[in-house]
Amino acid sequence: MKTILNVVWLVLSGFWLFLGYLFAGALLCITIIGIPFGIAAFRIGVYALWPFGYMAVQRRDAGAASCIGNALWLVLAGWWLALGHIVTGILLCVTIIGIPLGVANFKLIPVSLLPLGREIVPTDQPFTVAAANQRTGW
């Protein structure tokens with residue numbers, strides 16, 4: 001079922017979201033200061049390309065730099081992205097077929113608001129991957 005939903009998502013909105021996040025990430029990576037934000041945009045873009053079967057989890061090793069970066073991201077870009085995901089999520093939920101796609105748009109809101117200090121993991125093993133990353137330092 002995840003594959004079918006991902007293919008429908010990819011055709012209807014995922015590819016365009018991916019291209020938008022990819023373009024924004026490339027622009028952000030032009031400056032040295034924007035590189036962490038560009039990497040976050042790439043991470044959100046890949047998540048927006050194939051959202052079913054994955055989830056965003058908070059990294060426990062994220063420090064003050066990610067908190068400051070998230071504050072900057074929230075003011076400059078995050079609330080615009082979240083507002084876009086809210087509007088398109090509501091519009092997709094108008095039809096019965098679009099409800100799972102709308103829910104996927106709502107699932108993208110937290111990571112588009114505060115992307116730094118998060119990682120995207122498979123849904124069936126969110127705690128296993130996060131715990132392994134803590135042990136290895138990744």
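These are my notebook entries on what I looked up in this structure.

**Entry 1: the overall layout**

I began by noting that the model is predicted. I then went through the secondary structure and found 6 helices and 2 strands in the protein. Reading from the N terminus, I wrote down the order of the elements as α-α-β-α-α-α-β-α. I also looked up burial: of the 138 residues, 34% count as buried.

**Entry 2: the largest pocket**

Next I turned to pockets. The largest pocket comes out with a volume of about 400 Å³. I counted 22 residues in its lining, and the closest to its centre are Tyr21, Ala24, Trp73, Ala77 and Leu81.

Which helices each supply at least two residues of this lining? I found helix H1, spanning 2-28, and helix H3, spanning 64-92, on that list. The largest share of the lining comes from H3, with 9 residues.

I also sorted the lining of the largest pocket by chemistry. It divides into 14 nonpolar residues and 8 polar ones, with no charged residues.

**Entry 3: a nonpolar patch on the surface**

Then I moved to the outside of the protein. A nonpolar surface patch there has an area of about 1100 Å². I noted its members as Ile68, Leu72, Leu74, Val75, Leu76, Trp79, Trp80, Leu83, Val87, Leu91 and Leu114.

I picked Val75 for a second look, and it lies in helix H3. Is Val75 buried or exposed? Its relative accessibility is 58%, so I put it down as exposed, the cut-off for that being over 50%.

**Entry 4: Phe15**

Back in helix H1, I looked up Phe15, which is found in that helix. Phe15 counts as partly exposed because its relative accessibility is 38%, and that class runs between the 20% and 50% cut-offs. I also checked Phe15 against Val46, which is 31 residues apart from it along the chain. The C-alpha atoms of this pair are separated by 9.6 Å.

**Entry 5: Asp124**

My last stop was Asp124. Where is Asp124 found? I traced Asp124 to the loop between strand E2 (118-122) and helix H6 (126-136). Asp124 has 64% relative accessibility and therefore counts as exposed.

I finished with a distance for Asp124 too. Its partner in this check was Tyr54, and the two are 70 residues apart along the chain. Their C-alpha atoms are separated by 8.1 Å.

Key
Residues numbered from 1 in each chain as written. Predicted model: local features only at pLDDT ≥ 70, side-chain atom pairs only at ≥ 80, totals over all residues. Heavy atoms only, no water. 1 Å grid on protein atoms, 1.4 Å probe; cavity = no way out; pocket = protein on both sides within 12 Å on 5 of 7 lines; lining within 4 Å. Points joined across faces, edges and corners; volume = space filled by probe spheres on them. Helix = DSSP H or I, 4+ residues; strand = E, 2+ residues; numbered from the N terminus. Nonpolar A, V, L, I, M, F, W, Y, C, P; charged D, E, K, R; others polar. Patch = residues over 30% accessible without salt bridge, like charges linked within 9 Å, V, L, I, M, F, W, Y side chains within 5 Å. Areas by Shrake-Rupley, 256 points an atom, 1.4 Å probe, with all protein chains shown as cover. Salt bridge = Lys/Arg side-chain N within 4 Å of Asp/Glu carboxyl O. Buried < 20%, exposed > 50% of the residue type's maximum accessible area, 1.4 Å probe, protein only.
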